[in-house]
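Hi,

Here is the structure I said I would pass on. Have a look at it first, and my notes on what turned up follow underneath.

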Amino acid sequence: MIREIYADMKSGKQMNRLLQGDVGSGKTIVGFICMLLVVGSGAQAALMAPTEILAQQHYANLMKYADAMQISIALLTGSVKKSQRKPIHEELEAGTLKILVGTHALLEEGVKFNRLGLAIVDEQHRFGVLQRHTLMSKGTRPDVLVMTATPIPRTLAMTLYGDLDVSVID
């Protein structure tokens with residue numbers, strides 16, 4: 001599955017892929033590997049989760065790895081104070097912040113990426129089409145990976161998400 005995603009990312013076309021797997025199956029680590037590919041090419045990555053608790057969990061899990069690799073990462077949610085937001089916004093726009101994890105706060109007007117290369121949306125069914133589009137529009141045709149733990153039969157997934165390639169973690 002990582003080979004499929006990597007092939008999509010290096011194809012020169014915008015990746016639009018649904019990653020489906022049970023809770024705890026490794027979707028987040030697959031997403032992080034994708035982030036590393038993007039960061040390695042000089043771009044930035046965003047991971048948007050539907051709740052603050054889930055965004056904090058993702059951030060805590062990814063921070064361990066990002067810190068060990070000296071990759072800058074930040075968390076942006078509704079409860080982040082204005083005084084803490086300013087340096088996040090500045091580093092993001094300058095391109096020194098490589099990975100941003102957050103909630104709907106990522107969609108705010110003040111959130112400007114220098115070069116968004118990958119937009120990951122976790123539990124994508126909890127976001128509207130316009131919300132997903134707003135995140136994607138913060139970059140120039142960034143690759144898109146949407147993740148879900150909700151089991152969707154392959155035929156239904158192809159019908160509902162015909163514009164997405166589908167990968168399943170068994």
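The buried residues of helix H3 are Leu54, Ala55, His58, Tyr59, Leu62 and Ala66. Keep in mind that this is a predicted model. The spacing of that list should look familiar: an α-helix has 3.6 residues a turn, so residues three or four places apart point the same way.

What do those buried residues pack against? Their partners are helix H2, plus the strands E2 (44-48), E3 (73-76), E4 (99-102) and E5.

As for the helix itself, H3 runs over 52-68. It has 17 residues and spans 24 Å from first C-alpha to last, close to the 24 Å expected at 1.5 Å a residue. There is a bend, though, of about 30° at Leu62, and Leu62 is also on the buried list. Just after H3 ends, Gln70 takes a positive phi of about 55°.

His58 is the residue in H3 I'd click on. Why call it buried? Its relative accessible area is 5%, and the cut-off for buried is under 20%, so His58 qualifies. Leaving aside neighbours within four places in sequence, His58 is in contact with Thr28, Leu47, Ala49, Val101 and Asp122.

His58 also turns up in the pockets, which is probably the part you'll want. The second largest pocket holds about 270 Å³ of space. It is lined by 15 residues, and those nearest its centre are Val23, Gly24, Lys27, Thr28 and His58. The elements that give two or more residues to this lining are H2 and H3, with H3 giving the most, at four residues. By type, the lining of the second largest pocket divides into five nonpolar, seven polar and three charged residues. Note that Thr28, one of the contacts of His58, is among the residues nearest the centre here as well.

And the largest pocket? How big is its volume? About 330 Å³. It has 16 lining residues, of which Met9, Val38, Ser41, Gly117 and Asp143 are the closest to its centre. The elements that give two or more residues to its lining are helix H1 (2-9), helix H2 (27-40) and strand E5 (116-122). The lining of this pocket divides into seven nonpolar, four polar and five charged residues.

One last thing to look at on screen is H2: it gives two or more residues to the lining of the largest pocket and also to that of the second largest, and the buried residues of H3 pack against it.

Cheers

Note on methods: Residues are numbered from 1 along each chain as its sequence is written. This is a predicted model: local features need pLDDT of at least 70, side-chain atom pairs count only at pLDDT 80 or more; totals for chains, interfaces and linings use all residues. Side-chain values use heavy atoms; hydrogens and water are left out. On a 1 Å grid over the protein atoms alone, a cavity is a set of points where a 1.4 Å probe fits but cannot get out, and a pocket is an open set with protein on both sides within 12 Å along at least five of seven lines; lining residues have an atom within 4 Å of a point. Grid points are joined across faces, edges and corners, and a volume is the space filled by probe spheres set on the points. Ala, Val, Leu, Ile, Met, Phe, Trp, Tyr, Cys and Pro count as nonpolar, Asp, Glu, Lys and Arg as charged, and the others, Gly among them, as polar. The expected span of a helix is 1.5 Å times one less than its number of residues. The bend at a residue is the angle between axes fitted to the seven residues ending there and the seven starting there. Buried means under 20% relative accessible area, exposed over 50%, partly exposed in between (1.4 Å probe, protein chains only). Contact means heavy atoms within 4.5 Å.
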